Structure formats: structure tokens, C-alpha cells
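Let's take a friendly walk through a protein model together. Keep the picture open as you read, and try to find each part as it comes up.

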Amino acid sequence: MVGSGSDETTGTGKWNQPGVPHKGWRCVDIEERDEQDHLCEMCEARQVRFVHAMEHPAYDEILRVGCVCAGHMEEDLVGARKREAAYKNDRSRRARWLQRAWRTSAAGNEFLNTNDGFNVVIYSKGTIWGGRVEHRPSGYQRTSKLPYATQDEAKLAAFDAMVGMKHSEPWAKGRR
Ligand SMILES: [Zn+2]
């Protein structure tokens, strides 16, 4: 019989296990492994490199799964693929981040204005480093909470904060 749930992805592992919801899941995190060696916890058949962490209100555990199963679990294959593509894009951007042409402000701090509207400033506080990320169109800012031992660490932390802001758009809250 052909129909939903009968293809190779949704026919194995927890897809067949009673008590495991098949839809209504939500992605809470995504990460890249060094190798394609994570066994998808839903189909228990595919080894994946990009791991989508999925949660469900009626299931106790977070399941760490591949893109295809994530798409079925949230009933949005296109959305899952887009999320993974955006994540890969962020990762390659992060790898180039330290090599970008940082400029130096009048106060002597390195800064960068990105094409997507962020101003990132890195500064030293005594022997430690910190950073500030501003979303220029809204003026929304975040300042690092942790001290960083090196300027590069502060730059990478600022990058992660910037990407987090880009995806969560905290400046848009209250406007909906
Ligand atoms: Zn799977």
C-alpha cells in the first residue's frame, strides 16, 4: 500500500514505535557533527551530519534527527531543508568571520558593519575582551555577558550573538 508513512524514511525505528508522536514536533536546535556519524533517533536508519533537535509537548525526550525525519515530524519538509541550508550558510560565514576586513574606530576598537545591517564592535576591558552587536535599523543592541580571553574569541562570540539575533529578531517583538 502506498501512502503517508510507508516510504523508506518513515517506515523504520520510532516511526513504528507506539507512543511516539508522528507529527506536531518543533525544532529547538540544529548542529553540525564533525562526521556524518549521528544515527537519526527517529528512523534509526540514517547516519546524518546535521542534527535537528526536535521536541514535542507529549514526548519527554528531545529527539536528535536528520533533516528528512525532522521535515516529516514537523510536516514541513521545505522548512526543514531551508533551516539546514541557512545553518550551513551561517557556518561557512563564521569560518570566514575572523578574516574579514575589520576596521578600527577612533576609540581604537575593531568594528565591522555587515551587509545585513549589523554593527559589531570588539573592545578590551583591561586584560579581557568583550563585544557589542547592534542591529542598526532598529537600534537593538546586545553586549557580551562573558569575558573573553582573546580578541578572536570575542569576535566569534559576537558572531554567534549576531546570528542568534538575526534568526530570533528580538527587535520585532511587540510589533505583531
Ligand atoms: Zn531519520
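Over how many bridges do strand 8 and strand 9 pair, and in which sense, parallel or antiparallel? The two strands pair over 8 bridges, and the sense is antiparallel. Keep in mind that what you are looking at is a predicted model. To find the pair, look for strand 9 at residues 128-135 and for strand 8 at residues 118-125. One rung of this ladder is easy to pick out: Ile-122 has Gly-131 in strand 9 as its bridge partner. Now follow the chain around the turn. Strand 8 and strand 9 make a hairpin with 2 residues between them, and Gly-126 in that turn has a positive phi of about 65 degrees.

Strand 8 has another partner to look at. Strand 7, residues 110-113, is joined to strand 8 by 4 bridges, and these two strands also run antiparallel. Here you can spot Phe-111, which stands opposite Val-121 in strand 8. The hairpin of strand 7 and strand 8 has 4 residues between the strands, and Gly-117 in this hairpin takes a positive phi near 95 degrees. While you are looking at strands, here is a handy general idea: in a regular strand, side chains alternate between the two faces of the sheet.

Next, move back along the chain to another hairpin. Strand 4 covers residues 50-56 and strand 5 covers residues 59-65. The two run antiparallel, joined by 4 bridges, and 2 residues link them in the hairpin. One bridge to look for is that between His-52 and Val-65 in strand 5.

Now for the domains. The domain assignment divides the protein chain into domain 1 (9-96) and domain 2 (99-171). Their C-alpha centres lie 30 Å apart.

Finally, turn to a pair of helices. Two packed helices are described by the angle between their axes and the distance between those axes. For helix 2 (residues 77-97) and helix 3 (residues 151-168), the angle is about 150 degrees and the axes are 10 Å apart. Because of that angle, helix 2 is roughly antiparallel to helix 3; the cut-off for this description is over 145 degrees. The crossing of helix 2 with helix 3 is right-handed. Where do they touch? From helix 2 come Asp-90, Arg-94 and Trp-97, which meet Lys-155, Leu-156, Phe-159 and Val-163 in helix 3. Sorted by class, this contact has 4 nonpolar and 3 charged residues, with no polar ones.

Definitions and conventions: Residues are numbered from 1 along each chain as its sequence is written. This is a predicted model: local features need pLDDT of at least 70, side-chain atom pairs count only at pLDDT 80 or more; totals for chains, interfaces and linings use all residues. Two strands pair if DSSP finds at least two bridges between them. Domain bounds come from an automatic or database domain assignment. Axes are lines fitted to C-alpha atoms, for helices over the stretch in contact, and angles run from 0 to 180 degrees between N-to-C directions. Angles under 35 degrees count as roughly parallel, over 145 as roughly antiparallel, 65 to 115 as roughly perpendicular and the rest as oblique. A crossing is left-handed if the near helix is turned anticlockwise from the far one by less than a right angle, and right-handed if clockwise. Two residues are in contact if their C-beta atoms, placed from the backbone, lie within 7 Å. Ala, Val, Leu, Ile, Met, Phe, Trp, Tyr, Cys and Pro count as nonpolar, Asp, Glu, Lys and Arg as charged, and the others, Gly among them, as polar.
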